[in-house]
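Please follow the chain below with the structure open beside the text, taking the sheet, the helices and the pocket in turn.

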Amino acid sequence: MHLEYFHLIDRIVDLKTEQRSITVEAQVPQESTIFEGHFPGHPLMPGVLLIESMAQASGWLLIALTRFERMPFLAAVKEAKMRTFVKPGELLTIEAAVVHEGSGFTITEAKVSVGGKTKCNATLTFRQVPFPNDDLRGHMETMARRIGFPQQMFAHG
């Protein structure tokens, strides 16, 4: 997890396109400039970054389902619940599944857990569009390889 660069997913653990679900992991760093202000003497992972981690897990699922043909953009966050704190050094398991598609939008349910205990969850809505340019697509393909995105999920092979 590289918080400063918004690279919040470390590896894909399980990707089931038939069930339209994904499980990923992310190791919260022990130290980060994020924690200097959130909060001095009591460092906690910001809730907005937990939501972003759920959005990124959902996004990788949607990219897999479209075989890297479309780019998901977060459109709405509903029912986000922060249930307890996430501390530096914790290993996050992030799960997401598609629950609805229609009218150009896809909705996922996602959750973050540590050691089997749910830390937060949310309902997320995405708009999927063709990749805006080749540079972004290339960057995303590089990131996909880094986190273990299955090669057969790339549109070109």
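In this model, which is predicted, a good place to begin is Leu15, which stands opposite Ile22 in β2. That pair belongs to the contact between strand β1, residues 11-16, and strand β2, residues 21-27, which pair in the antiparallel sense over 5 bridges. The hairpin of β1 and β2 has 4 residues between the strands, and within this hairpin Arg20 takes a positive phi near 55 degrees. Arg20, which lies in the loop between β1 and β2, has this positive phi although it is not a glycine. With a relative accessible area of 26%, Arg20 is partly exposed, because that class covers values between the 20% limit for buried and the 50% limit for exposed.

The first hairpin is part of a wider arrangement. An open sheet of 6 strands has the order β1-β2-β4-β5-β6-β3, and the pairing in it is antiparallel. β1 and β3 stand at the edges with a single partner strand each, so one side of each is left without a neighbour in the sheet. On average, and with direction ignored, neighbouring strands of this sheet are turned by 25 degrees against each other. As a general point, strands of a sheet pair through backbone hydrogen bonds, either parallel or antiparallel.

Further along the order of the sheet, strand β4, residues 91-102, and strand β5, residues 105-114, run antiparallel and are joined by 9 bridges. Two pairs of opposed residues help to locate this contact in the model: Glu95 has Lys111 in β5 as its bridge partner, and Glu101 stands opposite Thr106 in β5. The hairpin of β4 and β5 has 2 residues between the strands, and Ser103 in this hairpin takes a positive phi near 55 degrees.

β5 in turn pairs with strand β6, residues 117-130, in the antiparallel sense over 10 bridges, and here Phe105 stands opposite Arg127 in β6. These two strands also form a hairpin with 2 residues between them, in which Gly115 in the turn has a positive phi of about 60 degrees.

A positive phi also appears within a strand of the sheet. Glu79, whose place is in strand β3, has a positive phi of about 55 degrees although it is not a glycine. Is Glu79 buried or exposed? At 55% relative accessibility, Glu79 counts as exposed, since the cut-off for that class is over 50%.

Between the strands described so far, the loop between α1 (33-37) and α2 is the place of Phe39. The peptide bond that leads from His38 to Phe39 is cis, with omega near 5 degrees. What span should the 19 residues of α2 have, at 1.5 Å a residue? The expected value is 27 Å, and the end C-alpha atoms of α2 are 27 Å apart, which agrees. α2 is mostly covered, given that 15 of its 19 residues are buried. Just after α2, Arg67 takes a positive phi of about 50 degrees.

α2 leads on to the pockets of the model. The largest pocket has a volume of about 390 Å³. It is lined by 20 residues, of which Glu52, Gln56, Trp60, Met71 and Met140 are the closest to its centre. At least two residues of this lining come from each of α2 (47-65), β3 (70-82) and α3 (134-146), and α2 gives the most, with 6 residues. By residue class, the lining of the largest pocket divides into 14 nonpolar, 4 polar and 2 charged residues.

The last stop is Ile147, whose place is in the segment after α3. Ile147 counts as buried at 2% relative accessibility, because buried means under 20% relative accessible area. Ile147 and Val28 are 119 residues apart in sequence, and their C-alpha atoms are 15 Å apart in space.

Definitions and conventions. Residues are numbered from 1 along each chain as its sequence is written. This is a predicted model: local features need pLDDT of at least 70, side-chain atom pairs count only at pLDDT 80 or more; totals for chains, interfaces and linings use all residues. Side-chain values use heavy atoms; hydrogens and water are left out. On a 1 Å grid over the protein atoms alone, a cavity is a set of points where a 1.4 Å probe fits but cannot get out, and a pocket is an open set with protein on both sides within 12 Å along at least five of seven lines; lining residues have an atom within 4 Å of a point. Grid points are joined across faces, edges and corners, and a volume is the space filled by probe spheres set on the points. Ala, Val, Leu, Ile, Met, Phe, Trp, Tyr, Cys and Pro count as nonpolar, Asp, Glu, Lys and Arg as charged, and the others, Gly among them, as polar. Two strands pair if DSSP finds at least two bridges between them. The expected span of a helix is 1.5 Å times one less than its number of residues. Buried means under 20% relative accessible area, exposed over 50%, partly exposed in between (1.4 Å probe, protein chains only). Axes are lines fitted to C-alpha atoms, for helices over the stretch in contact, and angles run from 0 to 180 degrees between N-to-C directions.
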